[in-house]
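Visitor: I'd like to go through the empty spaces in this one. Can you bring it up?

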Amino acid sequence: MKIITTISEMQDHSDRLRDQGDRIGFVPTMGFLHEGHLSLMRKAREENHALVVSIFVNPTQFGPGEDYASYPRDLEMDAPLCQEVGCDVLFTPGADEMYPQGNVTTVSVSGLTETLCGASRPGHFDGVTTVVSKLFNIVRPHRAYLGLKDYQQYRVILRMVQDLNMNINIIGLPTIREEDGLAMSSRNAYLYDDERSGALSLSRSLEAAREMVRAGIRDPRAIEEKVTGIIESEPTNRIDYVSIVNADDMAPLSTIEDRTLLALAVFVGDARLIDNTVLEINGN
Ligand code: AMP
């Protein structure tokens, strides 16, 4: 496995791969890797000639007062994991390499960034879509693999790629969970024991919501109320949002339709965790 830290070397490497007809699969991450990330890498490994993984904690997607400085970083642990899943190139640029002269150009997706994390983290998605555009221009992948744990991010990037004709196949893969249901996240490392058990209420509340839909309930407010009650019953938790939106355009809904997204963001202690489920009326 090659570790590349400069943009020019990464671009040259991808050019050579493309020249020899290789298909490039790409998994962008912020590192501190866990099974969620590795599941994306394994799929990309299977489906492409070359696997490129990036690790870059992108400063521009963190707001003031958020956890950019304390976000967990451990390249010495991450690099061997990438090697084990058969990664060909690990791209780990520094912030100076990615933003040598600051940034006056922004890629911004409107509409579907106005709810959920877009509403509660102003500027977050501009940071995400701009850095992902840069990474796509640097790595020039044929396919990029994203986790549906960040469901809104997946939809936003999908739409960006369509609108800007990027000619990259975006593949969304299911959320990987701990055995007890907690969605894997690098931020789970922040949790103390009591918070770890408080955090279980997130996946429990999603299951309760699916159960309500199976029982025929179609009122989003009733479901949001139930979910809110389950999460707030844990003293470690403070809700950022609990929202039911259309799973494609992220617009708020007044009734549960087929392909409805229930998404939540909760501060468990200091850790802001997100989780979601798609509520399918048929077959849920
Ligand atoms: P991050 O390092 O948190 O920016 O995540 C990098 C990629 O891994 C994103 O596409 C995430 O959606 C995905 N990811 C993070 N956690 C999980 C998980 N538990 N299951 C599946 N994918 C995940």
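Visitor: How much space lies in the second largest pocket?

Guide: About 160 Å³. A pocket here is an open set of points on a 1 Å grid over the protein atoms alone, with protein on both sides within 12 Å along at least five of seven lines. Grid points are joined across faces, edges and corners, and a volume is the space filled by probe spheres set on the points.

Visitor: Before we go on, what sort of model is it?

Guide: This is a predicted model: local features need pLDDT of at least 70, side-chain atom pairs count only at pLDDT 80 or more, and totals for chains, interfaces and linings use all residues. Residues are numbered from 1 along each chain as its sequence is written, and side-chain values use heavy atoms, with hydrogens and water left out.

Visitor: Back to that pocket. Which residues lie nearest its centre?

Guide: I55, F56, V57, R73 and L75, out of 13 that line the second largest pocket. A lining residue has an atom within 4 Å of a point. By class, that lining has eight nonpolar, two polar and three charged residues. Ala, Val, Leu, Ile, Met, Phe, Trp, Tyr, Cys and Pro count as nonpolar, Asp, Glu, Lys and Arg as charged, and the others, Gly among them, as polar.

Visitor: And what volume does the largest pocket have?

Guide: About 210 Å³. It has 13 lining residues, and E66, D67, F267, D270 and R272 are the closest to its centre. Seven residues of the lining of the largest pocket are charged, with three nonpolar and three polar.

Visitor: Now the closed spaces. How many cavities of 30 Å³ or more are there?

Guide: Two. A cavity is a set of grid points where a 1.4 Å probe fits but cannot get out.

Visitor: What is the volume of the largest cavity, and what lines it?

Guide: The volume is about 860 Å³. The largest cavity has 48 lining residues, with M30, H37, K149, D150 and Q153 nearest its centre. They divide into 27 nonpolar, 15 polar and six charged.

Visitor: Which element gives the largest share of that lining?

Guide: α6, with six residues. Other elements that supply at least two residues include α7 (151-163), β8 (260-268) and β9 (271-279). Helices (H or I, at least four residues) and strands (E, at least two) are DSSP runs, numbered from the N terminus.

Visitor: Where does the ligand sit?

Guide: In the largest cavity. A molecule counts as sitting there if more than half of its atoms lie within 2 Å of the cavity's grid points.

Visitor: Which residues come nearest the ligand?

Guide: M30, H37, D150, I176 and M184, of 16 around it. Near means that a heavy atom of the residue lies within 4 Å of the ligand. The shell has eight nonpolar, six polar and two charged residues, and α2 gives the largest share, three residues.

Visitor: What about backbone contacts to the ligand?

Guide: A polar contact is a pair of N or O atoms within 3.5 Å. An oxygen atom of the ligand is 2.9 Å from a polar backbone atom of M30. For G147, a backbone N or O atom is 2.9 Å from a ligand oxygen. M184 has a backbone N or O atom 2.9 Å from a ligand nitrogen. Taken alone, the ligand exposes 480 Å² (Shrake-Rupley method, 1.4 Å probe), and the protein buries 92% of that.

Visitor: And how much space is in the second largest cavity?

Guide: About 60 Å³. α8 (193-214) and β9 each give two or more residues to its lining. Among the lining residues are K149, S185, N188 and D275.

Notes:
A polar contact is a pair of N or O atoms within 3.5 Å; within protein, one must be able to donate a hydrogen and the other to accept it, and residues adjacent in sequence count only if both atoms are side-chain atoms.
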